[in-house]
Amino acid sequence: MSSIKIECVLPEKCRCGESPVWEEASNSLVFVDIPAKKVCRWDSLSKAVQRVILDAPVSSVALRKSGGYVATIGTKFCALNWEDQSVVVLATVDKDKKNNRFNDGKVDPAGRYFAGTMAEETAPAVLERRQGSLYSLFPDHRVKKYFDQVDISNGLDWSLDHKIFYYIDSLSYSVDAFDYNLQTGQISNRRSVYKLEKDEQIPDGMCIDAEGKLWVACYNGGRVIRLDPETGKRLQTVKLPVDKTTSCCFGGKDYSEMYVTCARDGLDAEALLRQPEAGGIFKITGLGVKGLAPHPYAG
């Protein structure tokens, strides 16, 4: 095993950092701070940060094939032009649920933007249950709804052969799998592949590595865990010096570095003293495994 190194590369003090995605073209990490309504881009070479402030909570961001980004803002799928900071609404969901917002999102290997919703929280992980749904935005801007009754729609990714869709509804404390049809975007046959243990707390964001294993950020658990979705076994635990780890992605040269986002909201003064880097962006090196480049939205 190579020796694992964890460092806070950006002390951003995010209220709730989420949705990290590596942009190879600019050697940058793009991520959001949901309640601060911010999309941030950290240049790993110059260490400079650019920030765009939006008019509603922004819960996920993804690359766009034609340039710029797509993001989930409030209950809208949007296109974001970084240069002039303009936003174009592509589609709106949950129009009948005024208290809802999007949460985590990611683009599938065919270029569809998957994202789910949840009720707005009254405190971290405290909310009206079963108000959310899972959607995808097709490249032609058509929206497909997969299912509802979701508590907190969260981490998602696809198997290396694109035949399985992995998904987390946080308050089920489970990582689930579906059969996936890449051609149609259909999902079926939901089952659990891993149930979190008590000290792992709440499953949040997730990504897959080049060996087909899943990495899950554990909110309140202060760790990312590596799972084998075929055996249902946990293979590795990497603990961070912050409690509210929210999401993870691979990036850097050859996608050999892992980037982890986290949150400050919900930590009292004493907890913040114990973890001054809460809300920062962490880089983990020496994991000995690589990730994959993110898929861009095709629309």
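**Notebook: chain overview and one sheet**

I started with the UniProt record, an unreviewed entry, which lists residues 16–263 as "domain: SMP-30/Gluconolactonase/LRE-like region"; such annotations may be inferred rather than shown by experiment. I noted that this is a predicted model, in which local features need pLDDT of at least 70, side-chain atom pairs count only at pLDDT 80 or more, and totals for chains, interfaces and linings use all residues. Residues are numbered from 1 along each chain as its sequence is written, and side-chain values use heavy atoms, with hydrogens and water left out.

I checked the span 16–263: it is 0% helix and 59% strand, and its end C-alpha atoms lie 4 Å apart. For the chain I found one helix and 24 strands (DSSP runs, H or I of at least four residues for helices, E of at least two for strands, numbered from the N terminus).

I looked up burial next: 56% of the 299 residues count as buried (under 20% relative accessible area, 1.4 Å probe, protein chains only). The C-alpha trace spans about 45 × 45 × 40 Å along its principal axes.

I then took one open sheet, with four strands in the order S10-S11-S12-S13 and antiparallel pairing (a pair needs at least two DSSP bridges). S10 (100–107) and S13 (143–150) are the edge strands, each with a single partner, so one side of each has no neighbour in the sheet. The twist averages 20° from one strand to the next (axes fitted to C-alpha atoms, angles from 0 to 180 degrees between N-to-C directions).

Inside the sheet, I found four bridges joining S11 (residues 113–119) to S12 (residues 132–137). Glycine 116 has leucine 134 in S12 as its bridge partner.

Definitions and conventions: Buried < 20%, exposed > 50% of the residue type's maximum accessible area, 1.4 Å probe, protein only.
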